[in-house]
Every structure is written in structure tokens, then in C-alpha cells.
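Biologist: Please take me slowly through one part of this model, a loop and the backbone features that go with it, and then tell me how the interior is built up.

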Amino acid sequence: MKRFFHRLRHLSRSPGYPLNLTPLGWLLLLCCSVFITGFGIPLLHGQWNEPAIAQSTNVQKQEDQVIRDFTLPKAPSEAPVYRPAPPAEAPAQPDSAQPAPVTPAPAPAKAEVKPNTKPSGASASKTPASQYVLEFNRSPIVGNRLRLQGTYAERQLAFTRPRNWSLQSAKALIRFQHSPALLATRSNLTVRVNGTSVGSTALNRKQSQIGQVLVDIPTNLIQDTNDIAIVAQQNVDAKCSNPADPALWTEVLPDSKLLFSYQPQPIPLDLSRFPYPFFDSLSLDANRIAYIRPAMMSESWLTATGRFQAAMGRLADFRPLNTRFVKSVDDLQWNDRLVILGTPAEQPLLKTLKLPFAVSGNQIIDGAKNALPGDVGVLMLAATPKGGNPILIVTGNGADGVAKAAQFLVQPTNRRIGAGQAILVDNLDDVPTPSARQWERALPDANEFKLSALKGADQEPFQDTTVRGASAPPVELNFRALPDDHFTRGSSMELVYSYSPQVNPRTSAVEVLLDGVVVGGKRLTSETGASRESLNVNLPENLITPTSKLAIAFRLTAREQGQCGVVTDQQLWGTVHANDTRFKLKRDSSVQLPDLKLLQVGYPFAAPQDLSGTAIVVPDSPSETELLTMLAFSERLGRLSQAESVKLDVYTTGTLPDDVRKQRHLVGVGTRDKFPFTEAFDTKQGFSLGSVFSRLWQQQKIQTLPDKGGVIKEVMSPWNDKRTVLALSGQQASGLSTVKDVLNQDPWFFQVKGDTVLISANAQAASVFDSNAYQLESLQQEPQRRIAQTNLLAASSRFLQDNWFLLPTGIVMVCLLLYGIVQLYIKRLEGEKK
């Protein structure tokens, strides 16, 4: 401080300096300057209450950088609005409690729909309510009937409410028939929605006549996800009914239905809601995606479209998703969501749409009429002129920009920060590729882990679970082995559990089941209950598969029997402790390929799970059927994988790089005359397609006319003996279409096995959902190759297991060798004695 004032004094006394001030004067001058700078200037500009611009955050600096690089267009006056058109009106239903029999309405998915022609300004109150009929037979657990057996029986069905519904009314029409032996005064049928009773009727029909009851459901009970329960109380005796009496039955018929009256609500489009409305997980109908083919086919368009479809498959999971191509907006149908992917040069339709960023010539321009750089991706939302269909635009002025925009949508970490009607994607972080043995839905790669390391049906870590009752449902969880796991003897499970003190230990037990097969059990021992008991279970190596389910069942009986066979059992409970239950697995990485049964879980094409180890190849000029088959396989891989990114690549025959050909698993798509890999059908032993509608298998050769069948075939890659080539082909487009249908439909896809599947279509089948729509013939002729990552000891053990017949021969040879050595030694000793 003294040095500072000394310098000020020296400066003030310097000759020629305009101010001759003392150090105190300099200090006062400095304070005045700070006051004027910090307070006077903001007051003059009226900015006293505004934040200081000089201390901008990193986010503000990034925004300023974007504004400096690209001038944003003026915000649109109104966001694009999607106004979903209601389906065709369903026939009106009577309101009485006992209506006359009605003809079952067709399933909504098959009903004709009509677009909403109401003007955009029409209010929701003036729009007539739409009707929706949801029949019970759409649930796979219903089948031909929903049977209720015993003195007390309950069955549940789940349903959802679409996001854009403003529900006006809801009703349940239950059609049923019951045993003629039931007592009407002591038997009834009750309907519950989300745990609340909404109606009941006596079971008093004679001679098993069909009855029906129409109940109103309060709209405030309906949530996003719901369940409807049908509860039957049944008795055949005024005093006591045996719960096991076969005369105690009621069947709910499959044409029972839920009737909804609703008004579709307009949806302002915003990328913060993506993937909605392009995919609605609560939709009662199949989500529908429509693409427009580009004017010029390119590798970048193929890859971006394949990755986007794989991401949609991940979002869909088990839900249906319909995909098709359209030529223009006029070809869209009700419930179609349009995706336009590609540069303005590839998609001329962009020039005709009202978009946040204008299109001039074949360039996307910013607010200053400057073309955006080619490596900047652009995402925009729009709607058809009448708002009946939403439109997602994934574009850019170059192939790199289109790839960035598509990659932004397929990576959840990036997608979460999206908002607004348009997004400029300048930079994206590269998501690391997971390990080939890191599968979210399979067992951990570690050989020792806790039960809490596994995930339940809700994809959340498994927690302590308690079940109640004498007929308590088992505690179930997926116990899926990794596809290349090879288990050996010694795998075990230490189950830690507890149970209530009211159980009868003589007749109560706990069991462990793998795919319905009991692998271990133990009688409960304590009459006062147990806070912790354990059970060591050996897990058979041949029962653990990539689709296994583990179940822990408590067989509980009460200490005292109730009157009339009715047992009060809610005081009985059993708990599985997730943090204490442990697994120890004995396994190595070893698998035999080719094997199409492994394709049911995605292997080897979904390893790693971001699909970076797979490339799809289509002909140089792919047809619409070939493109749809490529999208169907991409979607299937998405359904079978879980990762933070999608790195699937799609090429044409002429653009496939040599390093990709040698290093990745390949999937060829195309009819026989345009198939990318002729090597897949040049094998000597397996099945192959030849020219002039010929088929070759082993030494046989036939010609078919016509050949409308499809072929799925897997062979080892001729360019890398550790990679495979999958052929999706057929002699004609109709045959390739059957392959597409098999990939899209779970009941058919999960039947593929062997190394070759021949698919033939039944021309008389009404739809692909018909159980007789296709016939699949599996062949296993190609020699399999074992792909293993094991140590020398494990490899030797596995070799001896596969070639056990060599073991006796080896033992004999070793014995003969030892015998010869001993004889030589004996002769040598005899010679030395002589």
C-alpha cells in the first residue's frame, strides 16, 4: 500500500502531467469513477434492475455464438398444430342395464377412418364426439373366452387412454355365460376399473344362456394406464360350496367390449415432446409411420433412415408399428405420421411446406437469407394443410447435416434437450460403443452378482418383493443369459427369503423354477415365521438360455382351515430379499454359428447393442419392397437392443467399403437377381436359389413356377471366419414381401431356427395375423463354426466335450505309449545285467 501511494505521489509531481493531485485526491477520483461506471450508466439507460450482461454464463455464450453464425428466422405466429381425425363412427349402443344382444363391432384397427374436415378454428365443444370400440378379443390372454373358476375368481385386462382424448363417457359391455348350477341369490358378477367397482349383476341365467350387462364407467377413473377386472362370486349350495367343484364357472365372451365417447384434442407440435405424436405409447391402434422416397437414392439417406427406424423400434418395443412409403401428402391416411428425411435436393416436397426455415432453390436459408452450412443438421415440425397429419423433417444442406439431425433423434441424451418447432444441430457428442457383452436386458457380465442387479418387468432394478395369499403368484423375473454364454456345472443361487408366522410349516414350501421347471425347493421350518432363511439351489447349465425366466414360488397354507372350505389367507406372505440373494455362475464365452435361433434375441447382429458391428446392404437401385424389408430388419434390431445410440450403417452394393465387408456382420437384402452377396447362395451343401426359378439343396435341383416364397439364410462370412452373412431374399418381390412380414410379426419371427428358413404364403389367408397365413420350413445344413473367447484350459475342456469319442482313443494311445516306454526300459535293464 505504501508503494502504491508513493507511485501516485511521484506521478502527480511529474512535469507535464495535467493533474497535480495528492494521493488522497487520486483515491477520491478512483471512487468517483467506480460509482459512475457501476451506477450512473445503468441509471441513464434504465437498466438498474436488469442482470449484468458482462457476466454471461457459458450457455449464454453458446447462444451468442449460434446467433453470430446463423441468423434465426422470426418465430412463427402459431406453432403447427396436429388435429387428429377421429375414426369412423361406431354404432350407438343402448343405455339400459340389460340391453338387447348386439352384433359385435369390428376391431378398431380394421375399421374405416375418415379425416377430420372441421375448420381449424372450430372449438372442441362444437365438434361431435367420436366413438371407439375396444373388444376384449384384442388381448392375447382372452382367446375364445375368459374363464372364472371357483367360489371367488378374478381376471384382469389392461388398456390405455390415448394422449389426445378428451373423454366424454366410457362404458363396459360384458357378455357372459355361466354354469346352470349356480345359485342366483349367492352368485354375482362384478366389474371393477382401477380397483373401483362400477357395476354388478346376478348370475341368474338359465341353461347357460348368454347374458350381458352394460355399466357406466366414471370418466374420472380413467387414467393413462388402466385395468378392468371381472370378479365372480359363485356358489352352488346355500350353506357351503366346495371351491374345487367344477360346476363353479363363468365365462366372459371375447366379444365383450369397452365403449368410449371422446373428442380428439388438437396438439401443438413441439420437439420437447418427441417422440410424441410420431409415436404414442398409449395409442390403442398401431402407430403408423410414412416415409417419402428421395428423388435421388444415397448412402446417407439409407443410413439415416435405417437408424431412425431402429430407434422407433426401440421406442415401440412390443407395440405394433406400421411402416410404408407414400409419394405425396395427398396419399396420407388417418393416423399416418409423415417423416421427410433428406436434403432439399433429395426431397423437393420441402419447398411446398410452411417451415420455420425457408427453402430457396435447393438450400435451407436462415433469417438473413444465407444458406446454412452443409454440416449443420436441421429438425423441423409441420402439419398437413388441414392439420390431419404431423410431419417431421430431418434435413440439412448436406449429407453430414442430415446424418447429424437423424443422430440427434436416435440418441436419448441429446433428444431430451430438444424444444420448439425447429432445431439446428451443429455439434454432437460421440456416444462410446458399449462392450459386446453389455446387454441391458440380459444377465450381467460378472459371474457373481446380486438379485438387485437384475431388472424387473418395468426395467427398473429388482427390489424386495412380497406376495400374499395361499395362491400367491410367483415372483418372476427375466434370467436371460447372454447369447454367447456357455454354462458349465457349478452355477448356483443363494435365495434369501422370509415368511409370515401364520403359515403351517408342514404343508408350506418355497420353490425355485427355471422356465417352469423346478430346480430347487425347501420346506418352511418355523411356526413363528422367519426374518431370514436361505436356500442354496444348483442351476442346471442346460436350462439357462437367452430367453429364460426365473420364478420364486411360495406355497403357503394356513395353520387353521376356514369354514366351508374358505380360507382366510391374506395374513400369509412371503418376501424375496433382493440385496441378500446372490448368484454364482460358471460360464465362458462360446457359441456356434450360424444359428437362426439366436437371431430371435438379435445375436450376433445386435452385439454391440448400438448395432455398430452390423451393416445392411441393398441393391444399387432398391425397389420399394427391398427398402421396406431393410426397414423391417432395422426395426427388429431396434426392438432387440437397448443402448444410448444407434450406429447401424446401410450401404448399396456399389458403395460397400472393403473394410466394412471384412470387419462386420453383413445383412443382404434383395431379390435373387439383384442380391448383393452371391456368395451366400454359392454353398455346396446348403440351400440356394438359382436362375430360372430353380432351387438347389444338397444334390437336388428343382424348378418351380412360380416361386413366391421367401428365404432367410445365415452363413459364415467368406471374408471373415468370425463374422456372418444373413440373406433376406426371394425369387420375386412377393417372396421378399413374405420375409418382411415375418420380420414384422412376433408370432412368426420367433419361430425361425436352423440356418435356413423357407417361407411360403397362404393366398387364402385373410391377413398376416391369421395362424395359417405362412408356413415356415427350417433347414440345418451349413457346417457350424465355434466362436469362443476362452483360456486354454476351457478351450481344451470344450473340445473334449464336443469330441468325446476321441477320449477313449486317446486313453488307449497313451496306454500303448506308456507300455512301449516301460518295455524299452525293462529291456535296457536286462541288457545292463548281462
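Modeller: K369 counts as exposed in this predicted model, because its relative accessibility is 64% and the exposed class begins over 50%. This residue sits in the loop between β17 (363-364) and β18 (377-383), and although K369 is not a glycine, its phi is positive, at about 65 degrees. Most residues other than glycine have a negative phi, and most peptide bonds are trans. With that background in mind, a second residue deserves a look, namely N194, which is not a glycine either and has a positive phi near 55 degrees. N194 is placed in the loop between β6 (188-193) and β7 (196-202), and it is classed as partly exposed because its relative accessibility is 23%, a value that falls between the buried limit of 20% and the exposed limit of 50%.

The peptide bonds can be read in a similar way, and here the loop between β32 and β33 is the place to look. P594 belongs to that loop, and the peptide bond leading from L593 to P594 is cis, with omega near 0 degrees. P604 is also found in the loop between β32 and β33, and the bond from Y603 to P604 is likewise cis, its omega being near 0 degrees.

Q600 lies in this loop too, which runs between β32 (587-593) and β33 (614-618). Q600 counts as buried because its relative accessibility is 11%, and the limit for that class is under 20%. A polar atom of the Q600 side chain lies 3.3 Å from the backbone oxygen of F750. If neighbours within four places in sequence are left aside, the residues in contact with Q600 are L640, F749, F750, Q751 and V752.

From the loop we can turn to the interior. The largest nonpolar core has 80 residues, and those with the most contacts inside it are L379, L392, F633, I712, L726 and L728. Helix α4 (residues 299-316) supplies the largest share of this core, with eight residues. To see how one member is surrounded, take F633, which touches L599, F605, I616, V667, L726, L728 and L743 when residues up to four places away in sequence are not counted. There is also a second, separate core, made of 37 residues, and L451, L495, F554 and L572 are among them.

How values were computed:
Residues are numbered from 1 along each chain as its sequence is written. This is a predicted model: local features need pLDDT of at least 70, side-chain atom pairs count only at pLDDT 80 or more; totals for chains, interfaces and linings use all residues. Side-chain values use heavy atoms; hydrogens and water are left out. A nonpolar core is a set of buried Ala, Val, Leu, Ile, Met, Phe, Trp, Tyr and Cys residues joined through side-chain atoms within 4.5 Å. Buried means under 20% relative accessible area, exposed over 50%, partly exposed in between (1.4 Å probe, protein chains only). Helices (H or I, at least four residues) and strands (E, at least two) are DSSP runs, numbered from the N terminus. Contact means heavy atoms within 4.5 Å. A polar contact is a pair of N or O atoms within 3.5 Å; within protein, one must be able to donate a hydrogen and the other to accept it, and residues adjacent in sequence count only if both atoms are side-chain atoms.
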